[in-house]
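I opened this notebook page to record what I looked up, beginning with the whole chain and ending with a single residue.

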Amino acid sequence: MSRVVRFADYCWEGVRPVEYKEGSESWKGVTRHPLVGAREETPFHVRYFEVEPGGYSTFERHEHQHVVMAIRGRGEVRLGDRWEEMNFGDVVYVAGKDPHQFRTVGEEPFGFLCIVDANRDRPIVLKDTA
């Protein structure tokens, strides 16, 4: 069934933020908000991730590709060995198998939308050498 998910202050009506992943050895200060795909049978999922100041996602790679769009604060994306700045509206395409990681820059949370295949492989956590 079609629906509207109302937005207010980086929260969505009826969407409960959840922990980014189980355990916290490879990441810090990240929440995930499942927006589309958790209740619908779609071939894709849309999620909002928020990284608190000083936080970062897992440095990982996987077979599936995904798209990320920054919508809050400032951050950086690690693509392999290089870091690229991300600001509001910037879009990153992460190709399958490419190592990647996200982190906050500054004192405001860094938030981004992530669009990914509904059927996807599990990520492989990589050793952080940066």
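Contacts along the chain. I began with contacts between residues at least 6 apart in sequence, and I noted that 63% of these in the protein join residues at least 24 apart. I keep in mind throughout that this is a predicted model.

Elements. I then went through the secondary structure, which comes to 13 strands and zero helices. Read from the N terminus on, the order is β-β-β-β-β-β-β-β-β-β-β-β-β. The radius of gyration is 14 Å, close to the 14 Å that the globule rule gives for 130 residues, so the protein is as compact as a globular protein of that length. For the extent of the C-alpha trace along its principal axes, I wrote down a span of about 45 × 35 × 30 Å.

Surface and charge. I looked up burial next, and found that 36% of the 130 residues count as buried. The area that the protein exposes is about 8,000 Å², of which carbon and sulfur atoms supply 49%. Among the side chains I have 22 negative and 18 positive ones, and the centres of the two sets lie 2 Å apart.

Strand pairing. Which strands pair with E12? I found that E12, residues 110–117, pairs in the antiparallel sense with strand E5, residues 44–56, over eight bridges. I picked out one position in this pairing, where Val46 has Ile115 in E12 as its bridge partner. E12 also pairs with strand E7, residues 66–72, again in the antiparallel sense, and here I noted six bridges. In that pairing I looked up Ala70, whose bridge partner in E12 is Phe112.

One residue. I turned last to Arg32, whose place is in strand E4, residues 28–36. Is Arg32 buried, partly exposed or exposed? Its relative accessible area is 25%, and since buried means under 20% and exposed over 50%, I entered Arg32 as partly exposed. Leaving aside residues up to four places away in sequence, I listed what Arg32 touches: Arg16, Pro17, Val18, Glu19 and Tyr20, and further along the chain Arg47, Tyr48 and Phe49. For Tyr20, which is 12 residues from Arg32 along the chain, I also looked up the separation of the two C-alpha atoms, and it is 5.1 Å.

Definitions and conventions. Residues numbered from 1 in each chain as written. Predicted model: local features only at pLDDT ≥ 70, side-chain atom pairs only at ≥ 80, totals over all residues. Heavy atoms only, no water. Pairing = 2+ DSSP bridges. Helix = DSSP H or I, 4+ residues; strand = E, 2+ residues; numbered from the N terminus. Rg over C-alpha atoms; globule rule 2.2 N^0.38 Å. Buried < 20%, exposed > 50% of the residue type's maximum accessible area, 1.4 Å probe, protein only. Contact = heavy atoms within 4.5 Å. Areas by Shrake-Rupley, 256 points an atom, 1.4 Å probe, with all protein chains shown as cover. Lys, Arg positive; Asp, Glu negative; His and termini not counted. Charge placed at Lys NZ, Arg CZ, Asp CG, Glu CD.
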